[in-house]
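Morning, everyone. I have one structure to show, and I will keep it short. Please have a look before I start talking.

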Amino acid sequence: MVASPDREQVTTYPQWWPAVQRPAIEFAPTPLRLIAGALPEGLQGTLYRNGPGRMERSGQSTGHWFDGDGAVLAVRFGRSGDRPQATATYRMVQTAGYQAEEAADRWLFANYGQLAPKPWWERVGRDLKNAANTSVLALGDRLLALWEGGWPHAMDLDDLSTIGLDSLGGALQPGETFAAHYKIDPQTGEVYNFGILPGPQPKLMLWRFDRTGKLQRKRALKIPSVSLIHDCVLAGRYWVFCAPPIALDLLPALLNVQCFSDALRWQADRPTQIWLIDRDSLERVATIEAPAWFQWHFGNGWENPDGTLSITLARYWDFATNQHLKEVARGQITTPAQAQFVEIHLDPQGQRFLGDRLLFDRHCDFPTVAASEVGQPSRYSYLSTHRPGFDDPEQFKQEQFGTIARHDAQTGQITYAAIPEGCYPSEPLLVPDPAGDGRSGWILSVIYDGRSDQGEVWIWPSDRLEADPIARLALPHPVNLGFHGTWVPA
Ligand SMILES: [Fe+2]
């Protein structure tokens with residue numbers, strides 16, 4: 001824990017706190033020092049990651065962890081002479097809102113978890129700032145910094161300079177939102193993404209692009225109410241959405257007396273609605289009702305030989321996770337929230353929820369699979385979770401995930417990475433070995449070491465996660481805890 005003087009008492013903060021609260025320390029392209037091991041010869045390309053980099057101004061924290069302005073990290077793995085060399089860059093996304101607040105040195109705008117700091121009658125159109133902080137998508141000649149409440153921001157793939165809001169060649173219309181959790185078909189390279197249009201007649205917007213970013217199809221589906229749909233999943237021929245039983249209190253939200261996060265109500269007596277979309281036509285072909293749960297993230301989905309669907313996800317039994325993540329913004333967490341990794345089973349023909357299966361019963365999230373297995377059966381899932389032996393739910397409340405793990409769907413076995421206490425790994429991403437079959441390679445994670453206040457990049461062979469990393473690289477400055485990333489091969 002870190003002690004920090006408060007007005008009247010000494011408050012202790014968790015070890016991860018500097019990597020949330022401190023404004024991102026940007027850095028220009030910097031060759032990374034190898035601390036241990038050796039870089040694999042085949043690891044050639046760039047890891048991009050996004051997350052909140054500005055959580056406090058003039059002593060005021062944001063309302064929610066999701067409100068921090070986006071900061072993007074690029075770690076490029078190339079060569080220097082005949083030796084592998086990694087170089088990293090870290091940049092704030094220069095959104096118009098970020099620039100205005102930088103100039104004013106105070107918060108000016110509303111966001112997911114905060115209202116604009118002015119009388120409610122002066123709050124026009126919610127004064128929403130695009131935080132550009134959730135994920136990244138490399139599309140054509142640019143990197144898109146994604147945020148689910150608005151358009152993406154384009155950045156330069158090399159130096160991470162911000163180009164500006166990007167409509168994807170006119171595919172996005174003013175007012176439309178573009179989610180942070182796109183999916184890419186590994187065979188065709190097609191990019192699927194969605195957005196929610198709130199209002200009296202809410203809609204689920206659907207887009208499919210080719211691998212270069214050219215729009216193939218766009219469709220607007222009427223949905224019964226606004227829910228919080230953060231992620232989606234491909235499963236064989238289907239594109240699947242799970243709408244948790246969350247209602248938006250429209251009036252206080254429209255009157256700008258409640259921020260979006262506070263206007264969301266968990267309704268435990270209502271079902272989760274599952275929508276199956278035909279991936280070709282983008283038509284809804286089935287609606288399935290299931291027990292009430294909430295998920296931020298899916299792992300993967302696939303069609304079974306009997307025509308049923310299997311989908312993996314990190315499942316919460318309620319929406320307390322939203323409050324938990326809100327409290328991250330102040331470094332003092334009192335609300336517990338735990339997810340389990342589960343597989344649900346659906347019957348598209350009979351439009352029935354067939355049940356679920358517990359895969360991993362410890363708190364976890366950020367499930368990922370090999371990009372080559374998206375929408376198809378996948379043996380291994382990689383997750384963020386707590387270290388083995390760290391089992392006290394009271395301690396969970398204050399702690400960020402302390403390790404990453406691999407789940408083997410064939411054996412049910414869990415393999416943990418050995419990450420010391422006080423270190424915080426990012427979402428694990430599998431980078432395929434170009435000499436392999438696409439399912440194996442290396443696991444990359446950006447580590448914040450709260451013991452020494454340093455940032456590192458750790459690399460493990462995907463089949464030896466339990467062993468020491470084969471390479472550890474020192475970042476010039478620690479990088480803030482973030483959300484999602486992507487890999488772009490050289
Ligand atoms: Fe996410």
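I will go through the metal site, then some strands, then a pocket.

One caution up front: this is a predicted model.

Start with the iron ion. Which residues coordinate the iron ion? Four histidines do: His-181, His-230, His-297 and His-484. Each one donates through NE2. The distances run from 2.0 to 2.2 Å. Now the geometry. The angles among the 4 donor atoms span 89 to 166°. A tetrahedral label would need all angles between 85 and 135 degrees. So the site of the iron ion is classed as irregular.

How are the donors spaced along the chain? The pattern is H-x48-H-x66-H-x186-H. Take two of these histidines. His-181 sits in the loop between β13, residues 162–165, and β14, residues 183–184. His-297 belongs to strand β24, residues 294–303. The pair therefore ties together parts that lie 116 residues apart in sequence. Are His-181 and His-297 buried or exposed? Both His-181 and His-297 are buried.

Strand β24 takes us to a sheet. This one is open and has 4 strands, in the order β24-β25-β26-β27. The pairing is antiparallel. β24 and β27, residues 352–360, are the edge strands, so each pairs on one side only. From one strand to the next, the twist averages 25°. Inside the sheet, β25 (residues 309–316) and β26 (residues 339–347) are joined by 8 bridges. There, Ile-311 stands opposite Ile-344 in β26.

Next, strand β19, residues 238–243. Of its 6 residues, 6 are buried, so β19 is largely enclosed by the rest of the structure. Which way do the side chains of β19 point? Tyr-238, Val-240 and Cys-242 point one way. Trp-239, Phe-241 and Ala-243 point the other way.

What does β19 pair with? One partner is β18, residues 233–235, antiparallel, with 3 bridges. Ala-235 has Tyr-238 as its bridge partner in β19. β18 and β19 make a hairpin with 2 residues between them. In that turn, Gly-236 has a positive phi of about 60°. Strand β22, residues 272–278, also pairs with β19, antiparallel, over 6 bridges. In β22, Ile-274 is the bridge partner of Cys-242.

Now the space in the model. I will take the second largest pocket. It holds about 1,300 Å³. How many residues line the second largest pocket? The count is 44. Closest to the centre are Tyr-182, Ile-184, Ala-371, Thr-486 and Trp-487. Several elements give two or more residues to the lining, including β14, β24 and β28, residues 364–368. The largest share comes from β37, with 5 residues.

β37 is also part of another open sheet. The order of these 5 strands is β3-β9-β8-β5-β37, with antiparallel pairing. The edges are β3, residues 27–31, and β37. The twist here averages 20° from one strand to the next. β37 pairs with β5, residues 45–54, over 5 bridges. Within that pairing, Val-488 in β37 is the bridge partner of Thr-46.

To recap the links: β24 carries the iron donor His-297. β24 is also an edge strand of the 4-strand sheet. And β24 helps to line the second largest pocket. β37 gives that pocket 5 lining residues and stands at an edge of the 5-strand sheet.

That is my tour. Over to you.

Terms used: Residues are numbered from 1 along each chain as its sequence is written. This is a predicted model: local features need pLDDT of at least 70, side-chain atom pairs count only at pLDDT 80 or more; totals for chains, interfaces and linings use all residues. Side-chain values use heavy atoms; hydrogens and water are left out. Donors are N, O and S atoms within 2.8 Å of the metal (3.2 Å for Na, K and Ca); water is not among the atoms, so sites may look incomplete. Four donors count as tetrahedral if all angles lie between 85 and 135 degrees; four count as square planar and six as octahedral if opposite donors are over 155 degrees apart and all others between 65 and 115; anything else is irregular. Buried means under 20% relative accessible area, exposed over 50%, partly exposed in between (1.4 Å probe, protein chains only). Axes are lines fitted to C-alpha atoms, for helices over the stretch in contact, and angles run from 0 to 180 degrees between N-to-C directions. On a 1 Å grid over the protein atoms alone, a cavity is a set of points where a 1.4 Å probe fits but cannot get out, and a pocket is an open set with protein on both sides within 12 Å along at least five of seven lines; lining residues have an atom within 4 Å of a point. Grid points are joined across faces, edges and corners, and a volume is the space filled by probe spheres set on the points.
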